[in-house]
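Got a model open and wondering where the labels come from? Let's take a few of them and check each against its cut-off.

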Amino acid sequence: MHFQWDWLCLGVLIISSVTAETENEETLDVDVEVEDFDKRSQEADTDRDTSSLGIVYQTPKPTGEVYFTETFDGVLAGWVLSKTKKEDTDDNIAKYDGRWEVEELKENTVPGDRGLVLKSVAKHHAISAMLTKAFIFDKKPLIVQYEVNFQESIDCGGAYIKLLSSSDDLNLEYFFDKTPYTIMFGPDKCGEDYKLHFIFRHKNPKTGEYDEKHAKRPDVDLKKFYLDKKTHLYTLVLKPDDTFEMLIDQTVVSKGSLLEDVVPPVNPPKEIEDPSDKKPDDWDERPKIPDPNAVKPDDWDEDEPSKIEDPDAVKPEGWLDDEPQYVPDPNAKKPKDWDEEMDGEWEAPQIPNPKCETAPGCGHWVRPMKNNPNYKGKWKAPMIDNPNYQGIWSPRKIPNPDYFEDLHPFEMTTVSAIGLELWSMTSDIYFDNFIICSEKEVADRWAADGWGLKKLVASANEPGMFSQLLTAAEDHPWLWVLYILTLALPVGLGVLFCWPTKKTDEDIDFKKLDVSKPIPRGELKYERDELEDDEIELEEKENEDTAEDERREMEETKRGLIKDTKKMGREALPSEGEVEDDEDIDDGEEATNEVAVGSQEDVKSNKSGSEDEVEEADKSTSSGDGQLKSVRKRRVRKD
């Protein structure tokens, strides 16, 4: 068991070492990426600045066909501030007078990289620019991509863009909320509602009117993108096959079909309800009705109250009937400015009677109320199925006079300008690196040269895990309990299983049974004697059986000799010498019997011999062939 816990402790140390080594490798990876950016930057011929991390920034340049790009690194050329007012709004806030600035990020700054920053709070902002060339929705995809950083987090406000519809009367100085647009895309947040808008205006081919179509909300949680104060990359991809994708940081967060995944649908239904159809007066929609044959029982009393006084209740002892529950405050004093003519007679404020605090109660005692067992309430007839039920009425369907079918909603109105028309309760919203193109590779390369560099700097400046935990605990103090438990648990387990503990008596007894130890010579001799005793008992038992068999054989032999002697005596008279021989034979037989009896007595004496008696003897008894038997006596321990 102790061996297993040793391995556990060793495993914990190995895991800690691997974790530390992994952190070192991540740091090395960041250094390698920084060096790669250095190499690419050194190859460029443009002016560039160097950050404290050794990262060299250069203004991104498109690598393919584009319809619009903006990095805000140079002069803010081509952008027009709106000079109009917002309609249906108070005059004091209707004007688009929100301030814009071009500046670097506050945190994770990349020297030389600047962006467009919304600076004002609780004001309307509007700024726009013409595209390099208009985008026509035909056979090429539309890719819109830009960066946003909510540097002060966000309470209520948006950071979406509008792609303005091409028209002859488009004037960017009068860009406002009613200016026609084709697509609106980007983040928006107010309260706890986090949105990522994708709205396109679809033209009704019959009426010529435009309707807004909203893509369904993404299924992912967008909260972190608004609160982490990092720069995030927003991308919209529209394809000629009438599908769309929305990406954040080059990860798809929503996708679908322009025909099926927008609200309301692009194509109206083929049939609609007849607005002139009305429900008949005798139409019965009731699935259940009261049973008309039911009769109220005679013992049903509707006048019984639901609550009655408890007749078994008894006034508690010590109840103060003469004491009021509230008394005037004896410490209260009439204010000096109290005017009895204006304010009336002054009375001290009421406070709870201090005598009632130690008593069960004060004032007039009233019996408590309890549920009335005889209460039944108002009688109602039971409900039964309505035999005249006709179902829920609905108007009849008629062909939709406004029905049309647009199988390619991707073919939208041509786009010729981009604009930001925003209201925000939070300042310092950062925009950068706009691009509109048709090739995903061009957009990805543009992102790598701009947003990728910001992401690298943010990762390098990321605080350590310990700092992040402290910051989280400042916002949520209950996390301290979790931290303490997380640290105390492994320490406690390590002390419990790895620290040497005092051995108990049970452990010592267990070790005595398992571990071999030297045995003293006396104990060894004693155990050897016990083993020899067992062997002797077994041998003696075998010898007893053998002696019994020999005795039986000798008796049979003796009886046979006597029988033969008698037979020979009948055949011839015995002579004197023969008589002596017979006597000798009898003496021999008696001697033989004595030998047999002595042998048995010797065996018995071996069983009851003392510890110190050791002898060996051979006793021979003859049967027909004179077989020799021997018994070996050994030292026997006396119990």
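Q: What makes the charged end of Arg-201 count as sitting over the ring of Tyr-181?
A: In this predicted model, the charged end of Arg-201 is 5.6 Å from the ring centre of Tyr-181. The distance cut-off is within 6 Å, with an angle within 35 degrees of the ring normal as well. Arg-201 also sits over the ring of Tyr-210, 4.6 Å from its centre.

Q: Why is the pair of Phe-72 and Phe-434 called edge-to-face?
A: The ring centres are 5.9 Å apart and the planes are at 75°. Pairing needs centres within 6.5 Å, and planes over 60 degrees apart count as edge-to-face, so this pair gets that label.

Q: How do you know that this pair ties together parts far along the sequence?
A: Phe-72 is in the loop between strands S3 and S4, while Phe-434 is in strand S27, so the parts it ties together are 362 residues apart in sequence.

Q: And why is the pair of Trp-79 and Phe-434 called tilted?
A: Here the planes are at 50° and the centres 6.1 Å apart. An angle under 30 degrees would be stacked and one over 60 edge-to-face, so tilted is what's left for 50°. Both Trp-79 and Phe-434 are buried.

Q: Is Asp-284 buried or exposed, and how do you know?
A: Buried: its relative accessibility is 12%, and the cut-off is under 20%. Asp-284 touches Asn-386, Asn-388, Tyr-389, Gln-390 and Gly-391, leaving out residues up to four places away in sequence.

Q: What about Leu-489, in helix H8: buried or exposed?
A: Exposed, because its relative accessible area is 55% and the label starts over 50%. Together with Leu-493 and Leu-496, Leu-489 makes a nonpolar surface patch of about 300 Å².

Conventions
Residues numbered from 1 in each chain as written. Predicted model: local features only at pLDDT ≥ 70, side-chain atom pairs only at ≥ 80, totals over all residues. Heavy atoms only, no water. Patch = residues over 30% accessible without salt bridge, like charges linked within 9 Å, V, L, I, M, F, W, Y side chains within 5 Å. Areas by Shrake-Rupley, 256 points an atom, 1.4 Å probe, with all protein chains shown as cover. Salt bridge = Lys/Arg side-chain N within 4 Å of Asp/Glu carboxyl O. Buried < 20%, exposed > 50% of the residue type's maximum accessible area, 1.4 Å probe, protein only. Contact = heavy atoms within 4.5 Å. Phe/Tyr/Trp six-rings, centres within 6.5 Å; stacked < 30°, edge-to-face > 60°. Helix = DSSP H or I, 4+ residues; strand = E, 2+ residues; numbered from the N terminus.
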